[in-house]
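Some labels in a structure description deserve a challenge. The questions below ask what stands behind each one.

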Amino acid sequence: MKKLLLASVAVSAMAGAAAAEDVKLGILIGFTGPIESLTPNMAAAAELAIAEVNASGKSANTYSAVRGDSTCTDAAAAQAAAERMVTADGVKGIIGGDCSGVTRAVLQNVARPNGIVMVSPSATSPALTQDEDDGLFFRTAPSDAREGEVAADILMEHGVKSIAISYTNTDFGKGESEFISKFFTEKGGKVTINASHDDGKADYSAEVAALAAAGGDILVVAGYLDQGGKGIIQAALDSGAFSTFYLPGGMIGDSLPLAIGPALDGSYGDIAASDADGNAILKDIAAKQATPFDSTSAYASESYDAAALIMLAMAAAGSTDPKVYKDKIMEIANGPADGSGTKINPGELGKALELIAAGKPIDYEGATGVKFVDPGEAAGRYKEIVVKDGKNETVKYH
């Protein structure tokens, strides 16, 4: 894959787009808060897709990004950031939100009233499947309902008979714990306790004491890696309550093994991730940027795909009006039913725009092999990881 020569083609792209509309896209993710270690790579990936389209010279529009901090957990702050994007910045679509609770709040109180498309790279609560969205909401990460089944399978494969669960007291944590518990129990396992924890506390000894009293072969921590989830693990290790942990999606990132140290080695978990060809392609492109970033970091690939889908849908609709282009997003992602669409990987957004302009169908595979199984719902794949020598190593895909 050739390196994207963004700088060298920028002049010609701008010259050909003198009369083009300057379309702003919002990137609404938690630059502060419990997943802040993940969001720099997420934003970089979305902005790479924007730069790629601009550099191609094939778009009728030019695009720019407007960043907003969702904080991941503060719904009022997330809504305020989204309102600014819509009213002050005039964004035509939002890449985000990130965490499920703030995403649901923004969808109902900002996106729907203003008719703004949202494509979330990381909001996974099953509740979003049922929420009214007027056809405006999509997500490139799969629902926790699917992750619960994957987690139960992995735990069973490891010979685990009983689990204790500690979950963050958020929409994400509740949904995650509910479906892990459901599927693990259905497969013959025992859940000894399923208890919530709050983020931002200095002391989790009381929560860990209750978990320890219930017991279990392993502690499942359905939390956030930079706040409460990390605190629960450290307190469990300090007290000797548990020595091995199962880490669902919100707990996967480089910062957790660094924070906990060697004691986390041997713990394992899962996160939405793809083994599609485009995943490796994006990794290569990201590494060659002027400011390299890690596209394999949690939800970065999904962020690239979220941005790409919005821009390609605008091209297919011939409109930047969200009420118009929203109807093209699934068509772009899934391609024609007869399989005739040209497969599009990262680095090929210019090619996709050429095909769309020529009236030819495309099938956007992107970095995650994105496919929607229901309106707005990604089918998704998961990678199983194990913490070894202070790093998250991929074991296999599910």
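Q: What share of the contacts with a separation of 6 or more joins residues 24 or more positions apart?
A: In this predicted model, such pairs account for 71% of the contacts in the protein chain with a separation of 6 or more.

Q: Why is the protein chain called as compact as a globular protein of its length?
A: Its radius of gyration is 21 Å. The globule rule gives 21 Å for 398 residues. The two values are close, so the label holds. The C-alpha trace spans about 65 × 40 × 40 Å along its principal axes. The chain holds 15 helices and 16 strands.

Q: How much of the protein chain is buried, and what supplies its exposed area?
A: Buried residues make up 55% of the 398 residues. The chain exposes about 14,800 Å². Carbon and sulfur atoms supply 50% of that area.

Q: How far apart are the mean positions of the positive and negative charges?
A: They are 4 Å apart. The means are taken over 32 positive and 52 negative charges.

Q: Why does lysine 326 count as buried?
A: Buried means under 20% relative accessible area. Lysine 326 has 17% relative accessibility, so it counts as buried. This lysine lies in the loop between α13 (322–325) and α14 (329–334). Beyond four places in sequence, lysine 326 touches Val117, Asp134, Gly135, Leu136 and Phe138.

Q: What makes the pairing of lysine 326 with aspartate 327 a polar contact?
A: A pair of N or O atoms must lie within 3.5 Å, and residues adjacent in sequence count only if both atoms are side-chain atoms. The contact runs from side chain to side chain, at 3.1 Å. Both conditions are therefore met.

Q: Aspartate 134 is one of the residues that lysine 326 touches. Is aspartate 134 buried, partly exposed or exposed?
A: Its relative accessible area is 43%. Partly exposed lies between the 20% and 50% cut-offs, so aspartate 134 is partly exposed.

Q: What is notable about the backbone of aspartate 134?
A: Phi is positive, about 55°, although aspartate 134 is not a glycine. The residue sits in the loop between α5 (127–130) and β5 (137–139).

Q: Which value of phi does threonine 71 take, and why is this residue called buried?
A: Phi of threonine 71 is near 65°, a positive value in a residue other than glycine. The relative accessibility of threonine 71 is 16%, under the 20% cut-off, so threonine 71 counts as buried. Threonine 71 is found in the loop between β2 (61–69) and α3 (75–89).

Q: How do you know that the peptide bond from glycine 96 to glycine 97 is cis?
A: Omega is near -5° for this bond. Glycine 97 lies in the loop between β3 (94–96) and α4 (100–114).

Q: Why is asparagine 114 called partly exposed?
A: Its relative accessibility is 31%. That falls between 20% and 50%, so the label is partly exposed. Asparagine 114 lies in helix α4. Its contacts beyond four places in sequence are Glu83, Val86 and Lys323. From valine 86, 28 residues away in sequence, the C-alpha distance is 7.8 Å. A polar atom of the asparagine 114 side chain also lies 2.8 Å from the backbone oxygen of valine 110.

Q: Is serine 56 buried, partly exposed or exposed?
A: Serine 56 has 24% relative accessibility. Buried requires under 20% and exposed over 50%, so serine 56 counts as partly exposed. Serine 56 is found in helix α2 (residues 39–56). A polar atom of its side chain lies 3.1 Å from the backbone nitrogen of lysine 58.

Q: What does serine 56 touch beyond four places in sequence?
A: It touches Gly350 and Leu353. Both of these residues are buried in helix α15 (residues 349–357). The other buried residues listed there are Leu349, Ala352, Leu355 and Ile356.

Q: What covers the buried residues of α15?
A: The cover includes α2, α12 (300–317), α14, β11 (342–344) and β12 (362–364). Just after α15, glycine 359 takes a positive phi of about 80°.

Q: Which residues are in contact with isoleucine 193, leaving aside neighbours within four places in sequence?
A: They are Ile163, Ala164, Ile165, Ala210, Leu211 and Ala214. Isoleucine 193 lies in strand β7 (residues 190–197).

Terms used. Residues are numbered from 1 along each chain as its sequence is written. This is a predicted model: local features need pLDDT of at least 70, side-chain atom pairs count only at pLDDT 80 or more; totals for chains, interfaces and linings use all residues. Side-chain values use heavy atoms; hydrogens and water are left out. Helices (H or I, at least four residues) and strands (E, at least two) are DSSP runs, numbered from the N terminus. The radius of gyration is taken over C-alpha atoms; the globule rule is 2.2 Å times the number of residues to the power 0.38. Buried means under 20% relative accessible area, exposed over 50%, partly exposed in between (1.4 Å probe, protein chains only). Contact means heavy atoms within 4.5 Å. Accessible areas come from the Shrake-Rupley method with a 1.4 Å probe; for residues, only the protein chains shown count as cover. Lys and Arg count as positive and Asp and Glu as negative; His and the chain ends are not counted. The place of a charge is taken as NZ of Lys, CZ of Arg, CG of Asp or CD of Glu. A polar contact is a pair of N or O atoms within 3.5 Å; within protein, one must be able to donate a hydrogen and the other to accept it, and residues adjacent in sequence count only if both atoms are side-chain atoms.
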